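Work through the exercises below with the sequence and the model open. Each task is followed by a solution in steps.

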Amino acid sequence: MNDTLSKVVTLLSEELRNQIDQMTNCMSKFSKADDVCIPEAFHFWPVECGHWVTVFYPAGVNEADLVSYRKELHRLLLLPCDRPLFRRANRFAFPEDLAADPYLRNTHLGLRPPPGCQVQLLRGQYQYRHYMQDRIDDNGWGCAYRSLQTIVSWFRIQGYTEKPVPSHQEIQQALVSIGDKPQSFIGSKQWIGSMEVGYCLDKLLGVVSKTVCVNSGAEMPSKARELIAHFDTRGTPIMIGGGVLAHTIIGVAFNEKTGDAHYL
């Protein structure tokens, strides 16, 4: 028992010294003559690492000025550089963080997939956006707006952008600014579809999306493998629209033997 306690104390002491060294290095690197930076601790749990990583960033310094700092972290930890892992938005969300968030995250967790299926889910976290949130009565016309907001929240939480999730009016203004809608569209209750969602992702985030067409819902199982590949390689939520309805797909369960596909 004493040996175990001694090892714990030793590990804690080593980690404390390590964090003090990180704070000192951060202050040394980013402080100027009359401006001493304040180091802030951020805790990460990269899936590729499988362990905690604590990083100190200088308060008030934007993400663009920390690119080389983060690249060095990727190099030291042998992590890929094709996606952000150590931006502030990537920090681990502890229970108190989730409790302070007005929107639910990853509402699919805990669901049981259909038996006998290959399951592929989106990567990372998202905020669940739905009708009647934000004190906006968009029942019957806001489904695609909410799907777009869910997708943008994914890009924010994964650290791809610092831009806020757009409101309904900001979405409408974006479509007017590119000439897709008339000025009277702003403030209206007109629904939007998958094309408009793609236009907004391009306008607001600079994200180019791909449109996949099907003639009817009966053709959706034929797209299961394509969507599985998307979740495996890209990992983003998918907006699906038909007529005046829209949904957000965050996973696929596909049965190779029967060809049945289930969409979450």
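The exercises go from the whole chain to its sheets, helix contacts and loop residues.

This is a predicted model, in which local features need pLDDT of at least 70, side-chain atom pairs count only at pLDDT 80 or more, and totals for chains, interfaces and linings use all residues. Residues are numbered from 1 along each chain as its sequence is written, and side-chain values use heavy atoms, with hydrogens and water left out.

**Exercise 1. The chain as a whole**

Task: State how many helices and strands there are in the chain, and give their pattern along the sequence.

Solution. Step 1: assign the elements as DSSP runs, with helices (H or I) of at least four residues and strands (E) of at least two, numbered from the N terminus. Step 2: count them, which gives 7 helices and 7 strands. Step 3: read them in sequence order, as α-β-β-α-α-β-α-α-α-α-β-β-β-β. Step 4: add the overall values. The C-alpha atoms fill a box of roughly 65 × 50 × 30 Å along the principal axes. Of the 264 residues, 36% count as buried, where buried means under 20% relative accessible area, exposed over 50%, and partly exposed in between, with a 1.4 Å probe and protein chains only.

**Exercise 2. Annotated spans**

Task: For each UniProt domain annotation, give the residues it covers and the distance between the end C-alpha atoms.

Solution. Step 1: take the ranges from the record. The unreviewed UniProt entry places "domain: UFSP2 second" at residues 2–97 and "domain: UFSP1/2/DUB catalytic" at residues 119–264. Positions are given in the numbering used here, feature names are shortened, and such annotations may be inferred rather than shown by experiment. Step 2: compute the ends. For residues 2–97 the end C-alpha atoms lie 36 Å apart, and the span is 44% helix and 12% strand. For residues 119–264 the end C-alpha atoms lie 10 Å apart, with 32% helix and 14% strand.

**Exercise 3. Strands 1 and 2**

Task: Find how many bridges join strand 1 to strand 2, and which way the side chains of strand 2 point.

Solution. Step 1: apply the pairing rule, at least two DSSP bridges between two strands. Strand 1 (residues 39–44) and strand 2 run antiparallel and are joined by 6 bridges. Phe44 is placed opposite Val53 in strand 2. Step 2: sort the residues of strand 2. Val53, Val55 and Tyr57 point one way, Thr54, Phe56 and Pro58 the other, and all are buried. Step 3: conclude. Because 6 of the 6 residues of strand 2 (residues 53–58) are buried, this strand is largely enclosed by the rest of the structure.

**Exercise 4. The three-stranded sheet**

Task: Determine the strand order of the open sheet and which strands stand at its edges.

Solution. Step 1: follow the pairings. The 3 strands are ordered 3-6-7, with antiparallel pairing. Step 2: look for strands with a single partner. Strand 3 (118–121) and strand 7 (261–263) stand at the edges, so one side of each has no neighbour in the sheet. The twist averages 15° from one strand to the next, with angles running from 0 to 180 degrees between N-to-C directions and axes fitted to C-alpha atoms, for helices over the stretch in contact. Step 3: inspect one pair. Strand 3 and strand 6 (residues 251–254) are joined by 4 bridges, and Val119 stands opposite Ala253. Step 4: add the covering helix. Helix 7 (residues 224–233) lies across strand 3, strand 6 and strand 7, at about 135° to strand 6.

**Exercise 5. Helix 5 and its partners**

Task: Describe how helix 5 packs with helix 6 and how its axis crosses that of helix 4.

Solution. Step 1: compute the first pair. Helix 5 (residues 168–177) and helix 6 (residues 194–205) pack at about 85°, with axes 10 Å apart. Helix 5 is therefore roughly perpendicular to helix 6; the classes are under 35 degrees roughly parallel, over 145 roughly antiparallel, 65 to 115 roughly perpendicular, and the rest oblique. Step 2: list contacts, meaning heavy atoms within 4.5 Å. Ile171, Ala174, Leu175 and Ser177 in helix 5 meet Glu196, Tyr199, Cys200, Lys203 and Leu204 in helix 6. Step 3: turn to the second pair. The axes of helix 4 and helix 5 come within 10 Å and cross at roughly 95°. Helix 4 is therefore roughly perpendicular to helix 5. Tyr145, Arg146, Leu148 and Gln149 in helix 4 meet His168, Ile171 and Gln172 in helix 5.

**Exercise 6. Positive phi**

Task: Give the phi and the place of Met132 and Asp134.

Solution. Step 1: recall that most residues other than glycine have a negative phi. Step 2: Met132 has a phi near 75° and sits in the loop between strand 3 and helix 4 (143–157). Met132 is partly exposed, at 46% relative accessible area. Step 3: Asp134 has a positive phi of about 60° and lies in the loop between strand 3 and helix 4. Asp134 is partly exposed, at 38%.
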